[in-house]
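Work through these exercises with the model open beside you. Try each task before you read its solution.

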Amino acid sequence: MIKHIFVWVRRPEGTIRLVGELATTAPDRNSGRFESEFEYTRAWVGEAGAFALDPVSLPLDAARRFSAEMLYPPLAVFDDALPDDWGRRLLALGVTADGGTPTLPEMLLRMRGGGTGALLFTATGTAPHPDQSVPSSALSTVLAAAAQFEAGTLPPGDEFRRLLEGSSRAGGARPKALVHDEFGEWLAKFPSRARDDGYDVVGLEASCLMLARRAGLDVPESRLQTIGARRVLMVKRFDIGAEGGRYHMVSLRTLCKERPGIYVHSYSELAQVLRKHSASPADDVAALYRHMVFNAAIGNVDDHLKNFWMLARPGGFRLAPAFDLVPDIGGRGEHTLSFLQGFACPTGTEIIALADQWGVARAARIVEDVVKATSAFATAAGGLKVRHPGSLQKVCADVRRRTGLLSRQSGGL
């Protein structure tokens, strides 16, 4: 049996357009695997301002059908629309609660346009009415329900419903929710008893965002908010258009055609994608370079490809702001993406050699900006009252080691 899913885009000004149709076979009962196929509508291809959902794998061509196993390349942009571990578990529970089977196609439909990015999915050709995020006034309820769920207990009726509404469409592995208030739409990031391992991860990420801004990175607005005895990091969403619509998002995981479980990419491959598909390649490659140096300086070893995105702006695809900036709290040491000569923090000489390869000007000044900003890590964390002094000292020591390496080059900075 073939399942047909209509694919829509909510444009930045708020209008909703049908862009194509996704067809999937029935998932295998044992493995859950299925075949999928996508084609654009002729109306979308001919519309002024239309864009490819994935400029690498899904060029704007109404005469082509794009086939894949599951939602792997070339159809990985649809997997981008789904949340990761935290939200996906909740989304699956929501499908089950509605009497369905939590397959990937069913979870796409269950999103109901309430996630990040511009894609919406329906079972019919009728234009959807996207779900809203939950009001920030419900954060205390969602936070308490998330703690219960993380501890292995399903919250009671109304609290579970609020948790599904707020958290089931939010990406990432850690507990979080999509909320709105009078200042806009936010991603609320919660502390995690299961994952924090004695670190104030919410406070550490708030510190990193502050220092990234000082280092010249484009980062979203953020603030710490206290709810009861716990703190939540509020990060302004960058996929929201001025008129309340959405900017389409595609991850670098999708643009690099990465398949699940295979992590062998380098920062230089990201730079190649930006040079080819960015509407302003020189600016975006320079921004990626600064982001890479900052990741090296703070020990953001969770620098996998789904932590880098491009947005479909009116003039074309552009690199999204930097986000998910967290030190190496697990003591891994090595990054997910490689630098010039491996996965460990590079020296200043090595990182500037990469700038020469990429054609990035004034690399020594960029490194200096980042080192200067991140050298104040302890001060910034103290100002934000980051908790757990013992674990904070470990982070600060690692940042000092890394900034020392980045400062090491012939002739100094």
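Helices (H or I, at least four residues) and strands (E, at least two) are DSSP runs, numbered from the N terminus. This is a predicted model, in which local features need pLDDT of at least 70, side-chain atom pairs count only at pLDDT 80 or more, and totals for chains, interfaces and linings use all residues. Residues are numbered from 1 along each chain as its sequence is written, and side-chain values use heavy atoms, with hydrogens and water left out.

**Exercise 1. The loop between β4 and α2**

Task: Find P74 and state which type of peptide bond joins P73 to P74.

Solution.
- Step 1. Look in the loop between β4 (66–69) and α2; P74 is there.
- Step 2. Read omega for the bond from P73 to P74: it is near 10°, and the bond is cis.
- Step 3. Stay in the loop between β4 and α2, where M70 also lies. M70 is not a glycine, yet its phi is positive, about 55°.
- Step 4. Set this against the general pattern: most residues other than glycine have a negative phi, and most peptide bonds are trans.

**Exercise 2. Two residues with positive phi**

Task: Is R362 buried or exposed? Is M70 buried or exposed?

Solution.
- Step 1. Fix the cut-offs. Buried means under 20% relative accessible area, exposed over 50%, and partly exposed in between (1.4 Å probe, protein chains only).
- Step 2. Place R362 in the loop between α11 (348–358) and α12 (363–374). R362 is not a glycine, and its phi is positive at about 55°.
- Step 3. R362 has a relative accessible area of 68%, so it is exposed.
- Step 4. M70 has a relative accessible area of 13%, so it is buried.

**Exercise 3. An aromatic pair**

Task: What kind of pair do the rings of F78 and F121 form?

Solution.
- Step 1. Learn the rule. Rings of Phe, Tyr and Trp (its six-membered ring) pair if their centres lie within 6.5 Å; planes under 30 degrees apart count as stacked, over 60 as edge-to-face and the rest as tilted.
- Step 2. Search the whole structure: eleven aromatic pairs turn up.
- Step 3. Take F78 and F121. Their ring centres are 6.1 Å apart and their planes stand at 75°, so the pair is edge-to-face.
- Step 4. Place both residues. F78 sits in helix α2 (residues 76–80) and F121 in strand β5 (residues 119–122), so the pair ties together parts 43 residues apart in sequence.
- Step 5. Check burial. F78 is buried, at 0% relative accessible area. F121 is buried too, at 6%.
- Step 6. Widen the view. Ring pairs link F38, Y40, F66, F78 and F121 into a cluster.

**Exercise 4. A buried glutamate**

Task: Which residues does E205 contact, leaving aside its neighbours within four places in sequence?

Solution.
- Step 1. Locate E205 in helix α7 (residues 201–214).
- Step 2. Its relative accessible area is 6%, so E205 is buried.
- Step 3. Apply the contact rule (heavy atoms within 4.5 Å). E205 then touches K189, L233, D324, L325 and V326.

**Exercise 5. The whole chain**

Task: Why does the radius of gyration agree with a compact globule?

Solution.
- Step 1. The radius is taken over C-alpha atoms, and the globule rule is 2.2 Å times the number of residues to the power 0.38.
- Step 2. For 413 residues the expected radius is near 22 Å; the protein chain has 21 Å, so the two agree.
- Step 3. Count the elements: the protein chain has 14 helices and 13 strands.
- Step 4. Finish with burial: 54% of the 413 residues are buried.
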